[in-house]
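Here is a small set of exercises to work through with the model open on your screen. Try each task before you read its solution.

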Amino acid sequence: MSDMERYGKILYGGLRALGDELGKEEWRDARYFILLDENTFQQCLAMLVTSVGPLEEAEFIEVPAGEECKSLEVAAQVWQTLLESGADTGSVIVNLGGGCVCDLGGYVAAGFKRGIRHINVPTTLLAMVDASIGGKTAINFGGIKNSIGHFHQASLICIEPGFLDTLPREEFVNGQMEMVKTAAVTNAALYQTLVDDSRSSVFNSQLKEVARIKNRIVRNDPYDHGIRHILNFGHTFGHAIEAYRHLPHGIAVGIGMRVAMYLSVKKLGLAEEVYDAYSQWLNGQLLTTHYPLPTFNLKDIEQMLPLMHQDKKNADGELRCVLLQEPGAAVIDITVSDNEVRDAFLQLAKG
Ligand SMILES: NC(=O)c1ccc[n+]([C@@H]2O[C@H](COP(=O)([O-])OP(=O)(O)OC[C@H]3O[C@@H](n4cnc5c(N)ncnc54)[C@H](O)[C@@H]3O)[C@@H](O)[C@H]2O)c1
Ligand SMILES: [Zn+2]
């Protein structure tokens, strides 16, 4: 079995499936350390350890919630705790949390004793469909997000939608935006159901479908040299919006996707109705959060353009981004001029 086949196995059957999996021979001598933050300690730990027998005796290590935990200092504290507890190469880190805990825990696992196994148990929607899948681990360093990290595949990823019951609305919308993104660049039918159909009865199957798609893409391009780039749809603009307006990542990406769709209409002939329908859906979602659709004047856009140009995807000083020919059909590396970007951002003022 190759590493890619063995690692990154997704358990769609939730905690029950995780319990079954950890009963297998390869986990017999494992010693488990559950990494969590104060929110997942309160909301998720009891459900995990009461549902998954082998984790009943696990030790747990708490780190600060959110981006604060993705630091070298916190990583060092976790390594220290592991050493003091006598952790060895057979130890396993179980990340119980959102993308921040998963990124930190994967990073810690990649470095400890030259690499130990870790299991992701994502508890936010964003982590279930995105951050827990694909082996990217990272901390923030030198004031730059995700600047230090490794590729280190989780051995298992357990998708348990039951954790979402306690997730704050805004965090939910953050994840929804990344779901829509992944569907928009890969699967027209799924994209349509996501923007048309908010019935909760189909939500869990949509969630799992998006996780499957992300998994398929990262398996085809584990080190992010090619096809994985399509997952950056909306991100060149989203990252700039996130930094400039201090918006949560997913919400900023949702707005960035609207900018990218407008450019797609202009440059690749995406149907205007797709852009209109998306804009309407986006507005509806934002209304359920504390973040109304922002608008940008030319002065704002001037300040944001350098942020877009420093995006790592660009070469030769030109802005290159992922655009859509139609839902499900993305094209990478489309060159976009500053003037086209100005025009697309100004459209946001039309509501
Ligand atoms: N590695 C990757 O491929 C990848 C991909 C996308 C994003 N990321 C990273 O993911 C991070 C963002 O992840 P996130 O959006 O999950 O945020 P997060 O991890 O900060 O979680 C958001 C908040 O929700 C709380 N929370 C988590 N689960 C909960 C639950 N079930 N009930 C109540 N509260 C809960 C957390 O404590 C936190 O306060 C970023 O650092 C980003 O860089 C990584
Ligand atoms: Zn993203």
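**Exercise 1. Where two domains touch**

Task: In this predicted model, find how many residues of domain 1 are in contact with domain 2, and how many residues of domain 2 are involved.

Solution. Start with the contact count: 17 residues of domain 1 are in contact with 20 residues of domain 2. Next, ask which element gives the largest share on the domain 1 side; that is helix 7 (residues 125-131), with 5 residues. Then sort the domain 1 side by residue type: 12 are nonpolar, 4 are polar and 1 is charged. To place the two parts on the chain, note that domain 1 covers 3-165 and domain 2 covers 169-350. Their C-alpha centres lie 28 Å apart.

**Exercise 2. The shell around the ligand**

Task: Find how many residues surround ligand 1 and which of them are the closest.

Solution. The shell holds 29 residues, and the closest are Asn39, Gly98, Gly99, Cys100 and Thr124. Now look at which helices contribute. Helix 3 (38-43), helix 6 (99-111), helix 7 and helix 8 (169-186) each supply at least two residues of this shell. Finally, split the shell by type: it has 9 nonpolar, 13 polar and 7 charged residues.

**Exercise 3. A core that draws on both domains**

Task: In the largest nonpolar core, find which residues touch the most other members.

Solution. The core has 102 residues, and Leu35 and Val94 are the ones that touch the most other members. Helix 12 gives the largest share of this core, 10 residues. Check the domains next: the core takes at least three residues from each of domain 1 and domain 2. To see the surroundings of one of these residues, select Val94. Setting aside residues up to four places away in sequence, Val94 touches Tyr32, Phe33, Ile34, Leu35, Leu55, Ala58, Ile119 and Val121.

**Exercise 4. From one valine to a helix face**

Task: Decide whether Val259 is buried or exposed, and find what Val259 is in contact with beyond its neighbours within four places in sequence.

Solution. First locate Val259, which sits in helix 12 (residues 249-268). Val259 has 24 C-beta neighbours inside 10 Å, and the cut-off for buried is 20 or more, so Val259 is buried. Beyond its close sequence neighbours, Val259 is in contact with Phe237, Ala344 and Phe345.

Follow the last two of these contacts to helix 15 (residues 338-346), where the buried residues are Val341, Ala344 and Phe345. Looking down the axis of helix 15, these buried residues fall within an arc of 95°, so they line one face of the helix. The cover over them includes helix 12, helix 14 (298-309), strand 9 (319-326) and strand 10 (329-336).

**Exercise 5. The two sides of helix 9**

Task: Find which residues of helix 9 (residues 188-196) are buried, and explain why they are on the same side of the helix.

Solution. The buried residues are Leu190, Tyr191, Leu194 and Val195. They cover an arc of only 125° around the axis, and therefore they lie on the same side of helix 9. A general point helps here: an α-helix has 3.6 residues a turn, so residues three or four places apart point the same way. Now turn to the other side of helix 9, where Ala189 and Asp196 are exposed. Among the elements that cover the buried residues are helix 8, helix 10 (200-220) and helix 13 (272-287).

**Exercise 6. Two positive phi angles**

Task: For Asn146 and His246, decide whether each is buried, partly exposed or exposed.

Solution. Take Asn146, which lies in strand 7 (residues 144-151). Asn146 has a positive phi of about 55° although it is not a glycine. With 14 C-beta neighbours inside 10 Å, Asn146 counts as partly exposed.

Move on to His246, in the loop between helix 11 (235-245) and helix 12. His246 also is not a glycine and has a positive phi, of about 50°. Its count is 8 other C-beta atoms within 10 Å, so His246 is exposed.

Terms used: Residues numbered from 1 in each chain as written. Chains lettered and ligands numbered in written order. Predicted model: local features only at pLDDT ≥ 70, side-chain atom pairs only at ≥ 80, totals over all residues. Domains from an automatic or database assignment. Contact = placed C-beta atoms within 7 Å. Helix = DSSP H or I, 4+ residues; strand = E, 2+ residues; numbered from the N terminus. Nonpolar A, V, L, I, M, F, W, Y, C, P; charged D, E, K, R; others polar. Near = placed C-beta within 6 Å. Buried ≥ 20, exposed ≤ 12 C-beta atoms within 10 Å, placed from the backbone. Arc of directions from axis to C-beta. Core = buried A, V, L, I, M, F, W, Y, C linked by C-beta atoms within 7 Å.
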